[in-house]
Amino acid sequence: MSQARYTQHGDIAVITMDNPPVNGLGHELRVGIVDGLQRANAESSVKAIIITGTGKAFRAVPTSVSSAPPRRWRNPTWAP
């Protein structure tokens, strides 16, 4: 099961981060977010994207790489 869920409500795409308890931005969650963004970008009816989170926090620092420079944990990348 992915740590990010994509749903669409009319012309609004919703990407929900689900990596309790604080939605740490590990690789699987980042991949799920990028997949959701790509899916929304490919859908011509989507006019807005909402990114939300479950649990206690919207999101936390990356898991296991929080001390690494941003360029090291930026993958996967997304270009519309």
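What follows is a conversation between a visitor and a guide about the predicted model shown above.

Visitor: What should I keep in mind about this model and its numbering?

Guide: This is a predicted model, in which local features need pLDDT of at least 70 and side-chain atom pairs count only at pLDDT 80 or more, while totals for chains, interfaces and linings use all residues. Residues are numbered from 1 along each chain as its sequence is written, and side-chain values use heavy atoms, with hydrogens and water left out.

Visitor: What makes up the secondary structure of the chain?

Guide: Two helices and three strands, following the pattern β-β-α-β-α along the sequence. Helices are DSSP runs of H or I with at least four residues, strands are runs of E with at least two, and both are numbered from the N terminus.

Visitor: How do you know that β1 and β2 pair?

Guide: Two strands pair if DSSP finds at least two bridges between them. Six bridges join β1 (residues 4–9) to β2 (residues 12–17), and these strands run antiparallel; the six bridges therefore satisfy the rule of at least two. You can trace the pairing in the model: R5 stands opposite T16, and H9 stands opposite I12. The hairpin has two residues between the strands, and G10 there takes a positive phi near 65°.

Visitor: Why is the pairing of the sheet called mixed?

Guide: Strands of a sheet can pair either parallel or antiparallel. Here β1 and β2 run antiparallel, whereas β2 and β3 pair in the parallel sense over six bridges. On that second side, I12 stands opposite A48 in β3. The three strands form an open sheet in the order β1-β2-β3.

Visitor: Why is one side of β1 and of β3 left without a neighbour in the sheet?

Guide: β1 and β3 (48–53) stand at the edges, and each has a single partner strand, so one side of each has no neighbour in the sheet.

Visitor: What makes β2 largely enclosed by the rest of the structure?

Guide: Buried means under 20% relative accessible area, exposed means over 50%, and partly exposed is in between (1.4 Å probe, protein chains only). Five of the six residues of β2 are buried, so the strand is largely enclosed by the rest of the structure. For the chain, 31% of the 80 residues count as buried.

Visitor: Why is V31 called partly exposed?

Guide: V31 has a relative accessible area of 26%. That value is not under 20% and not over 50%, so V31 is partly exposed. V31 lies in helix α1 (residues 27–42), where the buried residues include L29, R30, G32 and I33.

Visitor: How do you know that the span of α1 agrees with its 16 residues?

Guide: The expected span is 1.5 Å times one less than the number of residues. For the 16 residues of α1 this should be 22 Å, and the end C-alpha atoms are 22 Å apart, so the two agree.

Visitor: What makes a set of residues a nonpolar core?

Guide: The residues must be buried Ala, Val, Leu, Ile, Met, Phe, Trp, Tyr or Cys, joined through side-chain atoms within 4.5 Å. The largest such core here has eleven residues, among them A4, Y6, I15, L29 and V46. β1, β2 and α1 each give two or more residues to this core, and α1 gives the most, with four.

Visitor: Which residues is Y6 in contact with?

Guide: Contact means heavy atoms within 4.5 Å. Leaving aside neighbours within four places in sequence, Y6 is in contact with A13, V14, I15, G36, R39, A40 and V46.
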